[in-house]
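Colleague: I should like to go through this model with you, one question at a time. Please set out the reasoning before each answer.

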Amino acid sequence: MITASSKKRENIAEYLLYMWQIEDIIRAYGLDIDKIRENIIDRYSNLDDAQRKEMLDWYESLIDMMRREGVEKSGHLQLNRNVLLDLHRLHQSLLGNPKFAQYSAEYYKTLPFIVEIRAKAGENKKDELESCFDALYGILMLRLQGKEISSETQTAAAQISRFLAMLAGYYKKDYNNELQLEEE
């Protein structure tokens, strides 16, 4: 919760990957708040009672949303899908604006990797941005499991990361009303 708020302000791409990980952690504990309290919240020894309660409430609200939205086993919360929609809208605006040629160039450098990811997805195709996030999340999970990652995958991940970092930077500027999308 504390990490999520700071990531959302500073880097929306990291925030989204973090929130996907939180969804999976909640699933791993069977949406059981007692297990989450015992294995996650209680391990934060530096929290006071109010912070601990706030964290507990945050996890409980996420569990409740997951149940109401039917994503107990897989899928993403609407609040996370909304972030993807916001990023998609910004992505389209940036691509359509000649002032952001550098962004378009980064996107076109990333496009072959996106095409490859989507081809491997078979019938489970997602939009381009979600495919990028899926790829990075999958690599994160492999790293956490200590599995080897091929050099081709590392190359793809590096390019996708550069592209999403650029998009996240523009998102932060847009969020802070510092991005001029319209022609002056």
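**Salt bridges, helix H6 and aromatic pairs**

Modeller: Let us begin with one residue: Arg37 has a relative accessibility of 30%, and therefore it counts as partly exposed. The model is a predicted one.

Colleague: With which residue does the side chain of Arg37 meet in a salt bridge?

Modeller: Arg37 lies in helix H3, residues 33–39, and its partner lies in that helix too, three residues apart, about one turn of the helix. The partner is partly exposed, with a relative accessible area of 45%. The N to O distance is 2.9 Å, and the residue that Arg37 meets is Asp34.

Colleague: How many salt bridges does the structure hold?

Modeller: The pair of Asp34 and Arg37 is a salt bridge, and so is the pair of Lys172 and Glu10, at 2.8 Å from N to O. For the structure, the number of salt bridges is 10.

Colleague: How many residues apart in sequence are the parts that Lys172 and Glu10 tie together?

Modeller: The side chains of Lys172 and Glu10 meet in a salt bridge. Lys172 is partly exposed, at 28% relative accessibility. Lys172 belongs to helix H8 and Glu10 to helix H1 (residues 2–10), so the parts tied together are apart in sequence by 162 residues.

Colleague: How does the span of helix H6 stand against the expected value, and what is that value?

Modeller: Helix H6 covers residues 101–120, which is 20 residues. From its first C-alpha to its last it reaches 29 Å, which is close to the expected value at 1.5 Å a residue, 28 Å.

Colleague: At which residue does H6 bend?

Modeller: The bend amounts to about 40°. A proline, Pro112, follows within four residues of the bend. The residue at the bend is among the buried residues of H6, and it is Thr110.

Colleague: Which residue with a positive phi follows H6?

Modeller: Helix H6 comprises residues 101–120. The residue in question follows the helix and has a phi near 65°; it is Gly122.

Colleague: Which helices are included in what covers the buried residues of H6?

Modeller: The buried residues of H6 are Tyr103, Ser104, Glu106, Tyr107, Thr110 and Ile114. What covers these residues includes helix H5 (78–95), helix H7 (128–144) and helix H8 (151–175).

Colleague: Is Glu106 buried or exposed?

Modeller: Glu106 is found in helix H6. Not counting residues up to four places away in sequence, Glu106 touches Gln159, Arg162, Phe163 and Met166. Its relative accessible area is 10%, and the cut-off for burial is under 20%. Glu106 therefore counts as buried.

Colleague: Which residues are linked with Glu106 in a network of salt bridges?

Modeller: The side chains of Arg162 and Glu106 meet in a salt bridge at 3.8 Å, N to O. Arg162 lies in helix H8 and Glu106 in helix H6, so this pair ties together parts that are 56 residues apart in sequence. Arg162 is partly exposed, with a relative accessible area of 46%. The residues linked with Glu106 in the network are Lys109 and Arg162.

Colleague: Which residues does Phe113 contact, leaving aside its neighbours within four places in sequence?

Modeller: Phe113 is found in helix H6. Phe113 and Arg27 are 86 residues apart in sequence and 30 Å apart in space, C-alpha to C-alpha. The residues in contact with Phe113 are Thr155, Ala156, Gln159 and Ile160.

Colleague: Why is the pair of Trp20 and Phe133 assigned its geometry, and what is that geometry?

Modeller: A search of the whole structure finds nine aromatic pairs. In one of them, the rings of Trp20 and Phe133 have their centres 6.2 Å apart and their planes at 65°, and planes over 60 degrees apart meet the cut-off, so the geometry is edge-to-face.

Colleague: Which helices hold Trp20 and Phe133?

Modeller: Trp20 is buried, with a relative accessible area of 1%, and Phe133 also counts as buried, at 1% relative accessibility. The pair ties together parts that are 113 residues apart in sequence. Trp20 lies in helix H2 (residues 12–28), and Phe133 in helix H7.

Colleague: Into which cluster do ring pairs link Tyr107 and Phe163?

Modeller: Tyr107 and Phe163 form a tilted aromatic pair, 5.9 Å centre to centre with 50° between the planes. The pair links distant parts of the chain, with Tyr107 in helix H6 and Phe163 in helix H8, 56 residues apart. Both Tyr107 and Phe163 are buried. The cluster consists of Phe100, Tyr103, Tyr107, Tyr108, Phe163 and Tyr170.

Note on methods
Residues are numbered from 1 along each chain as its sequence is written. This is a predicted model: local features need pLDDT of at least 70, side-chain atom pairs count only at pLDDT 80 or more; totals for chains, interfaces and linings use all residues. Side-chain values use heavy atoms; hydrogens and water are left out. Helices (H or I, at least four residues) and strands (E, at least two) are DSSP runs, numbered from the N terminus. The expected span of a helix is 1.5 Å times one less than its number of residues. The bend at a residue is the angle between axes fitted to the seven residues ending there and the seven starting there. Buried means under 20% relative accessible area, exposed over 50%, partly exposed in between (1.4 Å probe, protein chains only). Contact means heavy atoms within 4.5 Å. A salt bridge is a side-chain nitrogen of Lys or Arg within 4 Å of a carboxyl oxygen of Asp or Glu. Rings of Phe, Tyr and Trp (its six-membered ring) pair if their centres lie within 6.5 Å; planes under 30 degrees apart count as stacked, over 60 as edge-to-face and the rest as tilted.
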